[in-house]
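User: I have this two-chain model open and I'd like to talk it through. Can we take it in short steps?

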Amino acid sequence: MSQSTATPAPVTEAHPVVAAANPRLRWVLLAGGLVAALALPWFVYPPVAMDIVAMALFAIALDILLGYTGLLSFGHAAFWGSSAYVTGLIATNYGVPFPVAIIGGALFAMILALPAGYLSVRRSGIYFAMVTLAFAQMVYFVGYQWSGLTGGENGLQGVPRHFFGVELVETDSFYFYYAALPILLLGMWAAWRIVHSPFGRVLVSIRDNTQRARALGYEVDKYKVVAFVLSAGLTGLAGGVFAINHGFVALTELHWSTSGEVVLMTVLGGIGTLWGGVLGATLAVLLADYLASSGFDGIDLVTGSVFVLVVLLFRRGLWGTVRHQWLAWQQRRSSRRTRSGGGTRR
Amino acid sequence: MNALLQYAVQGLAAGSFYALAALGLAIIFGVLGVVNFAHGAFYMLGAVTAAVLLDTLNLTLWWSLLVVPVLMFAFGVVVERLFVQWLLRLDPLYNFLLTFGLTLVLVELVKQKYGVSGLPYTPPEALQGRVELAGVVLPRYQLFVFLFSVAICVLVWLVMTRTRVGMIVRASTEKPELARALGINVGRWVTPVFGFGVAIAGLAGVLSAPFRAITADMGNNFAIILFAVVVIGGLGSIVGAVVAGFLVGLVEAFGQAYAPTFAQVLIFVLMALVILVRPAGLFGRKEATA
């Protein structure tokens, strides 16, 4: 590679995957997160609450690639948007319960991700970002041109919400939230299982030292493709819920600005921390909602500025910073303890 | 035959914008290791500046071709000093994200100031109308764009191969450590090179002003096609960027003529094919892993 600057540091600073190494803390966090997810529609307008959780899964899915495999996909809108369209089409045309439609959308996203991933992983680093971006733009154009199916610039309208014999109309958003929440939570659980599995460990090893992983006999490209497809599938789940939640799919969902938005959420929350995605998505959705309701029409101005500031000053992200401080504090505490405990280390 | 030649000229004119802008992108990447997402926004700013200069100061295209690159160079230097330089030592992804954020801000600012409808632009009279060449009638402006950008590319090539400055830039691009070991201050060239890349993107914007609708969004899709261009040409290669730029322009023009539905998709299909057959790009050398 031609670079005049010093050897680039990896995207994420080396950190343990199992962050706190404190099982009790993890259960407290999980319980807190679950309570927050259950209580959310009481405090936030339910469709917005649904967007928060869907975007959170989107950011988590992206983080499997960005944080745990070291691949920045700048084309995840392709999977988010195409799943939204396929979910919407299935729900509209076949009258199936919406979870079935969402699973269809997610499967479609995975099928789409297979060739895209196969091509993209042939390049890594910054090239990977560019190739995924270009690939997503191609999907965008297909969606734009195939207006017979997607509705083109008008979008796909009137997506129904069948739920096993019940029709959840627009005023039932509160109930819809609880009907759809398990899908998203399952997706998050799957993401957690993926990054903490032996497979996830291999991904981290690829991130930290690709050559060594290859030397150890791992077929790096295959692992990357599988991670890509899994990430796309989880993205598809989130996109499908998003489509049903709005009853409408717009071309924006396929646009590169959506890809950028989810990268921002992940980076803002903290790369390589699943909780960071949740935090970043929550803040981004709430901010967008607040700006829209206050009649401010330059949201990109805010998004772009936040991007610049976070990248310049705050690369660990919110959750990453908290965790870093926490780990540092724990280390200080334990080293103090060993010293006062009679000097076991000489 | 007649139609074929017309499409070819149209493609080469459209390719000129890609070639020039990709040239800037490739040089910036070579010396700074930065993939500048904001390249499309700088291209847009070039066109908008030309339109504003015509509107307020009545500066014609000829003047804009001279003035706008200078202004854009200064703007590029400011951007590099204020933002880009702080991330040069980190993973290139950070500058990619930074310039993405800058793009959002710049596009939105232009949108707020000049609205979403296109700004008007008329080229000087000498470049209007058509000209007959060997029995084929061709738009004068497209021919001018093609010849002008080829001239610029040749000029850049001469500077890169025949002058001391060009030698230093090439050395910094190809073997930065060795260049440093030989006592060349690579860091000194970082800011001017970024400014130059931005200036040349702005120049492409000026050239496209009479040709395209001048809107805040005009650079968005342009930037992504540029990425496809440099992936096809091989990101490290300056020649590759120029050749791939014209190639993509031709693919686009012929695509629009014969399969308008797939014209935009064709470019990305071409990119996918290149990645399959020659992952490093047509003119790129194979890199180790990254």
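**Talking through the model**

Analyst: Start with one helix. 18 of the 21 residues of H5(A) are buried, so this helix is largely enclosed by the rest of the structure. Buried means that 20 or more other C-beta atoms lie within 10 Å of a residue's own; exposed means 12 or fewer, partly exposed is in between, and C-beta atoms are placed from the backbone.

User: Which residues make up H5, and what counts as a helix here?

Analyst: H5 covers 125–145 of chain A. Helices (H or I, at least four residues) and strands (E, at least two) are DSSP runs, numbered from the N terminus.

User: How far does H5(A) reach?

Analyst: From first C-alpha to last, H5(A) reaches 31 Å, close to the 30 Å expected at 1.5 Å a residue. The expected span is 1.5 Å times one less than the number of residues.

User: Before we go on, how are things numbered, and is this predicted or not?

Analyst: Residues are numbered from 1 along each chain as its sequence is written, and chains are lettered from A and ligands numbered from 1 in the order in which they are written. This is a predicted model: local features need pLDDT of at least 70, side-chain atom pairs count only at pLDDT 80 or more, and totals for chains, interfaces and linings use all residues.

User: What is the mean pLDDT of each chain?

Analyst: pLDDT is the predictor's confidence in each residue, from 0 to 100. Chain A has a mean of 85, with 92% of its residues at 70 or more. Chain B also has a mean of 85, with 98% of its residues at 70 or more. For the complex, the predictor gives an ipTM of 0.83 and a pTM of 0.87.

User: Where in chain A does pLDDT stay under 50?

Analyst: One stretch is residues 1–20 of chain A, where the model has 43 contacts beyond four places in sequence. Another is residues 342–346 of chain A, with two such contacts. A contact means that the C-beta atoms of two residues, placed from the backbone, lie within 7 Å.

User: Which elements of chain A have the lowest and highest means?

Analyst: Strand S3 (residues 166–167) of chain A is lowest, at 75, and helix H10 (residues 220–246) of chain A is highest, at 94.

User: Now the interface. How many residues does each chain give?

Analyst: Chain A gives 46 residues and chain B gives 49. On the side of chain A, H5(A) has the largest share, 14 residues. Helices H9 (210–215), H11 (256–269) and H13 (299–313) of chain A are also among the elements giving two or more.

User: What classes of residue are on that side of chain A?

Analyst: It has 27 nonpolar, 15 polar and four charged residues. Ala, Val, Leu, Ile, Met, Phe, Trp, Tyr, Cys and Pro count as nonpolar, Asp, Glu, Lys and Arg as charged, and the others, Gly among them, as polar.

User: What does Gly298(A) touch?

Analyst: Leaving aside neighbours within four places in sequence, Gly298(A) is in contact with Glu108(B) and Gln112(B). Gly298(A) lies in the loop between helix H12 (274–293) and H13 of chain A. It is partly exposed, with 15 other C-beta atoms within 10 Å.

User: Which residues touch the most others in the largest nonpolar core?

Analyst: Leu57(A), Ala134(A), Ala22(B), Ala228(B) and Val231(B) do, in a core of 216 residues. Helix H1 (residues 2–32) of chain B gives the most to this core, 17 residues. A nonpolar core is a set of buried Ala, Val, Leu, Ile, Met, Phe, Trp, Tyr and Cys residues joined through C-beta atoms within 7 Å.

User: What about strands in chain B?

Analyst: Strands S1 (residues 130–133) and S2 (residues 136–139) of chain B pair in the antiparallel sense over four bridges. Two strands pair if DSSP finds at least two bridges between them. Arg130(B) has Pro139(B) as its bridge partner, and Leu133(B) stands opposite Val136(B). Two residues lie between the strands of this hairpin, where Ala134(B) takes a positive phi near 50°.

User: Last one: is Asn58(B) buried or exposed?

Analyst: Asn58(B) counts as exposed, with 8 C-beta neighbours inside 10 Å. Asn58(B) sits in the loop between helix H2 (39–56) and helix H3 (61–82) of chain B. Its phi is positive, near 60°.
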